[in-house]
Amino acid sequence: MPPPRPADEDHATQTRALLAHLGTAMIATGQPVQEIEEELTEVGVHLGYPDVQTAVGPTGLIVTLTEGGPATQRSAPRGLRLHQSASVRRIRHQLVHGDLAPAAAREQLAAVARRPVRSPLWMVALAWPVLAVGIGLILQPGWANLIAAAVGGVVVFGLVQLAERYQVVNALLPTLAAFVVSSAVFAAADAGLLEGPLRTVLPPLAVLLPGALLVNGVSELAAGHMQAGSARLTYGLVQLGLFALGLLMATALLRVPASTLANLRVDDIGWVGAPVGLLLIGVSICLMEGVPLRMQGWVLLVLSLAFGAQVAGQQLGSIGLGGFLGAIAASLGASVVELRRPELPRLVLFLPAFWLLVPGSLGLVGVSELAAGRASATDVTLGALGVAIAISLGLLVGSALGRSVRGRLAAPPP
């Protein structure tokens, strides 16, 4: 076999660099590693390298074009926002369909990480309390509780801004946020200003909870990616533990009685609270994450499908069944929309619905019940993992159904 020509070597080097750059950008969007490996292989085939091999992890990847050939390693950047994730998905789609040259793709990928949210800062800041109120309308629709959730959302936004400037605040953010919000809510409950403080604590903290980490970790374990899955699952459980530590510190400092930690739901608003809350959640996430206007209606559609399936599952069975059906509806719905409108990335449509499932919130409730002496540590851990597993299985089933539909429609007629 003749040695490769310099031009061929340069082309292979540039292709490896492109795949490594694209793969790490996909890691930063929050995709499970099994999906990243499949999609990188598809891109490699369309670029003329059918034997691409990748080893993807939560923090980086290694890619080679041929067995035994040179490899490129690259670390993943910080997590990307949804508008940046949409750009990454568009670039991958254009590469697969030959609408974008590899050199131009690398330039665009380099620009994605620097692309800011187009909404002004005051609108992004307003989105945090609006999101907390939206989640509160579903979890704890009481007027006083919603006011407390909005104030908590402002506090959490302020702490997130400090965390971007100071490393010590960033390291302590889960514990600090949980402690400050819990202390304020429990103090208000002790003063008789509101009831059901436990569920009131959750809405301001929900956006920081590691629900996606837990579910992605279980999903990767189920797909056979043991290293990535176990690492992500362990990290998610540690983050959840840091949130729980802040909440337990607040209960100990204020000497909150066990009766105050009851999982009590207050409903001053009635049935209209859920649809209004759903709308507020969708709008606020779109503002926070810079979702383009053309996608926002589709985001709300998939969000509604997931919420409806989740409520139906809870009515028919349990919280776990609700999470399972909600994940199927979100994943399958996003896949079908992307199939009909290829310019709408499935991940951007799916993630807001994914965050609505909030498996981490259930774990935080469980830890509070542990502090009150109503549950054992084993029950709390198994309960949180059970919900995460149910949602992960729903994600896998929905993704498989979406691929099946895509394959049937793409197959040539007999």
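Helices (H or I, at least four residues) and strands (E, at least two) are DSSP runs, numbered from the N terminus. This is a predicted model, in which local features need pLDDT of at least 70, side-chain atom pairs count only at pLDDT 80 or more, and totals for chains, interfaces and linings use all residues. Residues are numbered from 1 along each chain as its sequence is written, and side-chain values use heavy atoms, with hydrogens and water left out.

**Exercise 1.** Place Ser85 in the fold and decide whether Ser85 is buried or exposed.

*Solution.* Start with the element: Ser85 belongs to helix α3, residues 82-96. Next, take the accessibility classes: buried is under 20% relative accessible area, exposed is over 50%, and partly exposed is in between (1.4 Å probe, protein chains only). With a relative accessible area of 3%, Ser85 is buried. Finally, list the contacts (heavy atoms within 4.5 Å). Setting aside neighbours within four places in sequence, Ser85 touches Thr29, Leu80, Leu347 and Val348.

**Exercise 2.** Work out which residues Gly60 contacts, beyond its neighbours within four places in sequence.

*Solution.* Begin with strand β2 (residues 60-64), where Gly60 is found. The accessibility of Gly60 is 12%, so this residue counts as buried. Leaving out neighbours within four places in sequence, the contacts of Gly60 are Ile27, Ala55, Arg74, Ser75 and Ala76. Now add a distance: Gly60 and Ala28 are 32 residues apart in sequence, and their C-alpha atoms are 9.3 Å apart in space.

**Exercise 3.** Find which helix gives the most to the lining of the largest cavity.

*Solution.* First, the idea: rolling a probe the size of a water molecule over the atoms shows where empty space is left. Here a cavity is a set of points, on a 1 Å grid over the protein atoms alone, where a 1.4 Å probe fits but cannot get out; lining residues have an atom within 4 Å of a point. Grid points are joined across faces, edges and corners, and a volume is the space filled by probe spheres set on the points. Three cavities of 30 Å³ or more are present, and the largest holds about 60 Å³. Its lining includes Gly30, Asn216, Phe350 and Leu395. Helix α14 (residues 346-357) contributes the most, with five residues.

**Exercise 4.** Say what is notable about the phi of Arg255.

*Solution.* Recall the background: most residues other than glycine have a negative phi. Arg255 has a positive phi of about 55 degrees, although it is not a glycine. Then locate Arg255 in the loop between α10 (226-254) and α11 (273-289). At 75% relative accessibility, Arg255 counts as exposed.

Technical notes:
On a 1 Å grid over the protein atoms alone, a cavity is a set of points where a 1.4 Å probe fits but cannot get out, and a pocket is an open set with protein on both sides within 12 Å along at least five of seven lines; lining residues have an atom within 4 Å of a point.
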